[in-house]
Amino acid sequence: MFFRICTSYGRGCEMTRLCWIVEFMSGQYAQCNILSSYRQTSLRLIEKMEMGEVGTSLMSSETKPPPARPPNKFERLFQPCLAELVGTTFFVFIGCVSVIENVESAGRLQPALVHGLAVAVMVACMAEISGAHFNPPFTLAIYLCGGMELNMVAPYLVSQLVGGVLGAAMAKVMTSRENFSKASGAAFALLQTDSDIGAAVFGEVAMTCLVTMVVLLGAVNTTTRSPMVPFMVGCTVIINILAGGDVSGTCLNPARAFGPAIVHNYWVYHWVYWVGPITGGLIAQYWFAVAHMGKQARRWDKPITPPSLGGLLPALHAAAPGPGPPGLLPHESQLEFTEMRI
């Protein structure tokens with residue numbers, strides 16, 4: 001029969017402990033051992049044994065992660081606009097070079113592949129930062145769906161247009177003067193007579209409406225969004241150019257038309273490439289908000305909660321949820337901009 005009598009003295013890194021183990025045998029007591037100078041870890045173990053709590057942790061050594069730092073002004077405003085500027089610049093640059101240096105035997109295939117693949121790559125790279133719009137109709141449609149604040153619309157549009165000019169200027173520097181002049185600086189010079197205007201405007205409206213719906217359904221709507229949205233948008237651009245390249249040139253993007261027009265000073269029927277894409281984007285947004293999503297998706301029925309930039313990011317995060325970049329909307333309706341933006 002064993003009895004244990006333990007007495008503790010002092011606190012600190014080195015704990016002095018006097019422990020007597022007394023054995024009761026044939027009515028006599030015998031001192032067995034004296035243990036001293038236990039470290040703090042030994043003290044905790046013995047205390048657990050005395051309390052019958054061996055195998056349980058009295059305190060956790062795990063530390064909670066620090067709270068997320070709120071985004072600063074640069075991350076909320078300047079960084080997204082810079083991403084839009086850089087992304088649009090390289091998209092227009094690559095697209096213009098593909099048109100200027102197009103091999104005649106390739107026809108529309110070369111510009112179609114180059115524009116589509118450039119969109120897919122830039123969207124996948126920049127979506128975490130700005131949402132990767134690179135196109136004024138996309139920005140307007142996402143804003144009207146509640147995906148970004150009004151004070152970010154104008155900076156985005158300016159960044160996209162300036163990026164278009166820079167991209168066209170880079171293309172002029174890279175290509176030969178002969179090829180640049182022959183291709184009108186990659187400006188949309190296909191329309192020459194008034195009889196071509198109706199079909200061209202309709203084509204720009206319809207094709208921009210299609211690609212904008214892909215953006216809204218693939219990146220904005222929480223029930224249909226997909227991490228494959230960069231690939232989806234790129235493929236839509238490719239098939240649009242292959243289908244309608246001989247009708248209007250398939251611009252779909254006023255920034256893509258504005259840059260070469262500035263650099264080469266070519267303005268013939270330039271308005272078509274503003275009216276058509278913007279109208280197509282607004283039609284896609286209206287269909288998305290009214291016909292598909294219903295009343296909950298209409299911005300004028302339910303105000304959004306600032307701040308937000310909106311776009312492709314929720315789609316890229318759909319497979320692996322996590323905290324997104326600054327400027328995204330936690331939305332209560334079916335439009336949850338909790339994590340992406342185009």
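In this predicted model, Ala186 lies in the loop between α6 (177-182) and α7, and with a relative accessibility of 2% this residue counts as buried. The backbone of Ala186 has a phi near 65°, a positive value in a residue other than glycine. Most residues other than glycine have a negative phi. A positive phi is also found at Phe134, where the angle is near 60° and the residue is again not a glycine. Phe134 is placed in the loop between α3 and α4, and its relative accessibility of 4% makes it count as buried.

Helix α7, which follows the loop of Ala186, spans residues 197-220 and packs with helix α8, residues 229-244. Two packed helices are described by the angle between their axes and the distance between the axes. For α7 and α8 the angle is about 170° and the axes are 10 Å apart, which means that α7 runs roughly antiparallel to α8. On the side of α7 the contact is formed by Met207, Leu210, Val211, Val214, Val215, Gly218 and Ala219, and these meet Val229, Met232, Val233, Thr236, Val237, Asn240 and Gly244 in α8. When the residues of this contact are sorted by character, 10 are nonpolar and four are polar, while no charged residue is found among them.

Beyond helix α8, the loop between α8 and α9 contains Asp246, which takes part in a pair with Arg108 of the loop between α2 (73-100) and α3 (109-126). The side chains of Arg108 and Asp246 meet in a salt bridge, with a distance of 2.4 Å from N to O, and the structure holds one such bridge. Because the two residues belong to these separate loops, the pair ties together parts of the chain that are 138 residues apart in sequence. The partners are assigned to separate classes of accessibility: Arg108, at 30% relative accessibility, counts as partly exposed, whereas Asp246, at 56%, counts as exposed.

The loop between α2 and α3 also holds Glu101, which counts as partly exposed at 33% relative accessibility. When neighbours within four places in sequence are left aside, Glu101 is in contact with Gln110, Thr175, Ser176 and Asn179. Of these contacts, the one with Thr175 joins positions that are 74 residues apart in sequence, with the C-alpha atoms of Glu101 and Thr175 7.4 Å apart in space.

Further approaches between distant parts of the chain involve helices α2 and α5. Leu82 is located in helix α2 and is partly exposed, with a relative accessibility of 45%. The C-alpha atoms of Leu82 and Ser159 are 7.3 Å apart in space, although the two residues are 77 apart in sequence. Leu166, for its part, is located in helix α5 and has a relative accessible area of 40%, so that this residue is partly exposed. Outside the four places in sequence on either side, the contacts of Leu166 are with Leu85 and Thr89. Between Leu166 and Leu85 there are 9.0 Å from C-alpha to C-alpha, for a separation of 81 residues in sequence.

Cys145 occupies the loop between α4 (136-144) and α5 (150-174). This cysteine is buried, with a relative accessible area of 2%. The C-alpha atoms of Cys145 and Leu216 are separated by 8.7 Å, and the two residues lie 71 residues apart along the chain.

Towards the later helices, aromatic side chains come together. The count of aromatic pairs comes to three. In one of these, the ring centres of Phe258 and Trp274 are 6.1 Å apart and the ring planes stand at 85°, so the pair is edge-to-face. This pair links distant parts of the chain, with Phe258 in helix α9 (residues 254-264) and Trp274 in helix α10 (residues 272-292), 16 residues apart. Trp274 counts as partly exposed, at 25% relative accessibility. Through ring pairs, Phe258 and Trp274 are linked with Trp267 into a cluster.

Key: Residues are numbered from 1 along each chain as its sequence is written. This is a predicted model: local features need pLDDT of at least 70, side-chain atom pairs count only at pLDDT 80 or more; totals for chains, interfaces and linings use all residues. Side-chain values use heavy atoms; hydrogens and water are left out. Rings of Phe, Tyr and Trp (its six-membered ring) pair if their centres lie within 6.5 Å; planes under 30 degrees apart count as stacked, over 60 as edge-to-face and the rest as tilted. Helices (H or I, at least four residues) and strands (E, at least two) are DSSP runs, numbered from the N terminus. Buried means under 20% relative accessible area, exposed over 50%, partly exposed in between (1.4 Å probe, protein chains only). Axes are lines fitted to C-alpha atoms, for helices over the stretch in contact, and angles run from 0 to 180 degrees between N-to-C directions. Angles under 35 degrees count as roughly parallel, over 145 as roughly antiparallel, 65 to 115 as roughly perpendicular and the rest as oblique. Contact means heavy atoms within 4.5 Å. Ala, Val, Leu, Ile, Met, Phe, Trp, Tyr, Cys and Pro count as nonpolar, Asp, Glu, Lys and Arg as charged, and the others, Gly among them, as polar. A salt bridge is a side-chain nitrogen of Lys or Arg within 4 Å of a carboxyl oxygen of Asp or Glu.
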